[in-house]
Amino acid sequence: MKRWLKMTAGAAAITLATAGCAGSGSGDSTNSSAPASNGSLTVWLMTGTAPEALTNSLHKEFEDAHPGVKVKYEIQQWNGIQQKLTTALASDNPPDVIELGNTQTPAFANQGVLADLTSSVGDFNGAQWLQGLKASGEFDGKTYGVPFYAANREVIYRKDMFEQAGITATPKTRAEWLDAITKLKAKFGSDPEFQALYQPGQNWYELLSFIWDEGGDIAQANGKSFKATLDSAQAKAGLEFYKQLTEASGTKAPKDADEATPQQAGIYGAGKVAMMIGVPGEADTAAKTDPSIKEKSGAFPIPGKTADKSAPVFLGGSNLVIPANSKNAAAAKDYVKLFSTPKYQTELAKAGYVPGTSTDVSALDANPLTKVMAEASKNGRAVPTSPKWGDVESGQNPIKDMLTAYLTGTKTLDQATADANAALDKLIGG
């Protein structure tokens, strides 16, 4: 997936966990496996994911259970990883375990370079998998990726500003959210630099929450392909609320850029913004501008239409896969199996990640921002599992274009959604 997850030291600020304890975390079950054929197991994980203390412990336990096998652990950089993965997975001697972004997994599964793990789901703590991430590891009815970790957006807010504006409870519905904005503007609006909510025009991950909350989607599976549904009544309703929220927010954010241009955390940290929609780690980034901002900040889930459930959220994250050409598939499965145990899933949660194969998120409760993210993750979803989805995110994203066109009035609601739907169909419809 695209690296919108900027994890802070140890990744603490981004997670959403969901934990439960199924089985022992001892890793004893790995003893039955045959040693790796060449005496080593090559593992590629991405920079900024698993903490060093976790991998040191994991690798020692794995090697103790597999005499003669040495883990060759290689940390990869996100920049340029797509081409590196393409070359490695097509080779006769690829790494044995690889972390893939959840939006990358279907594309490589479609190319036939990933091992089919369907029959091993139970061995990887399958009953505890984070449901929103589970779908991203599936393709054509089979499982190719094991959920590794995830993260999602929430509303990060200034507790002191809410208190001064007389807001006594965080919003649970869209109506309450808009009411809070009205109160914030009444209290602080005399300052021309004040923004009740920093709301970039192209925050399409946020838009997904509103579309899903309306009962819609951006695309639906159509056999092995997908049919775009941005022109549905539900998708239009989600887009209409995005515009309503933007216009009410008093935001000064550009309508033709996303939350990374400029980086919204720096703007929030400057002190004239009451809310932003982001991952918990952005509060840490904001603290680089104002160290006191973290203590002043709280979080609440993106409100839904009704108070009984927060809006669904996009789950970004990664999967663990085993290449089809791995020479050490049995040992690779044992490695993933050990990583999937409650012991190491709890360690992921302590580091601020939402664990992929555990529903126990209690380790995230210590940080109020990650606690909220964990709660919201239970209603998380993934983007369509199209092998062509990478073209949407890396190219001229029609969802971003739709947002800008509608917010600026360049196109009507019907024109903007129809054009975006046609463009999305061209990218993922075949």
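These notes go through the predicted model point by point, from its two domains to single residues.

1. Division of the chain. The protein chain is split into two domains, and each is made of two stretches of sequence. Domain 1 covers 40–151 + 316–381, while domain 2 covers 154–314 + 385–429. Between the C-alpha centres of domain 1 and domain 2 the distance is 29 Å. Their contact involves 20 residues of domain 1 and 23 residues of domain 2.

2. The area between the domains. Domain 1 and domain 2 bury about 1,800 Å² between them. Carbon and sulfur atoms account for 65% of that area. On the side of domain 1, three residues should be picked out: L369, N379 and R381 provide 38% of the area that domain 1 buries against domain 2, more than any other three residues.

3. Polar features of the interface. How many salt bridges does the rule find across the interface of domain 1 and domain 2? The count is 0. Polar contacts do occur there: 4 residue pairs are found across this interface, with both residues at pLDDT 80 or more.

4. Which elements of domain 1 touch domain 2? Four elements each give at least two residues to this side: α3 (105–110), β5 (138–139), α14 and β17 (380–381). The largest share, 6 residues, comes from α14. Sorted by class, the side of domain 1 that touches domain 2 holds 9 nonpolar, 8 polar and 3 charged residues.

5. Helix α14. This helix spans residues 368–377 and is mostly covered, with 7 of its 10 residues buried. Those buried are L369, T370, V372, M373, A374, A376 and S377. At the N-terminal end of α14, N367 acts as a cap: one of its side-chain oxygens is 2.8 Å from the backbone nitrogen of L369. L369 therefore appears in two roles, as a buried residue of α14 and as one of the three residues named for the domain 1 area.6. Helix α7. Residues 204–213 form this helix, and 10 of its 10 residues are buried. The list is W204, Y205, E206, L207, L208, S209, F210, I211, W212 and D213. Just after α7 comes G215, which has a positive phi of about 90°.

7. Residue N125. Where does N125 sit? Its place is the loop between α3 and α4 (131–134). N125 counts as buried because its relative accessibility is 12%, and the cut-off for buried is under 20%. The side chain of N125 comes to 2.7 Å from the backbone oxygen of T357.

8. Residue E259. This residue lies in the loop between α8 (233–249) and α9 (264–269). Is E259 buried or exposed? E259 counts as buried, because its relative accessibility is 12%. Apart from neighbours within four places in sequence, E259 contacts R153, P200, N203, Y205 and Q264. One of these, Y205, is also among the buried residues of α7. With R153 there is a polar contact between the two side chains, at 2.7 Å. R158 is 101 residues away from E259 along the chain, and the C-alpha atoms of E259 and R158 are 18 Å apart.

Technical notes: Residues numbered from 1 in each chain as written. Predicted model: local features only at pLDDT ≥ 70, side-chain atom pairs only at ≥ 80, totals over all residues. Heavy atoms only, no water. Buried < 20%, exposed > 50% of the residue type's maximum accessible area, 1.4 Å probe, protein only. Polar contact = N/O pair within 3.5 Å; in protein donor to acceptor, adjacent residues only side chain to side chain. Domains from an automatic or database assignment. Contact = heavy atoms within 4.5 Å. Buried area = accessible area lost by both parts, 1.4 Å probe. Salt bridge = Lys/Arg side-chain N within 4 Å of Asp/Glu carboxyl O. Nonpolar A, V, L, I, M, F, W, Y, C, P; charged D, E, K, R; others polar.
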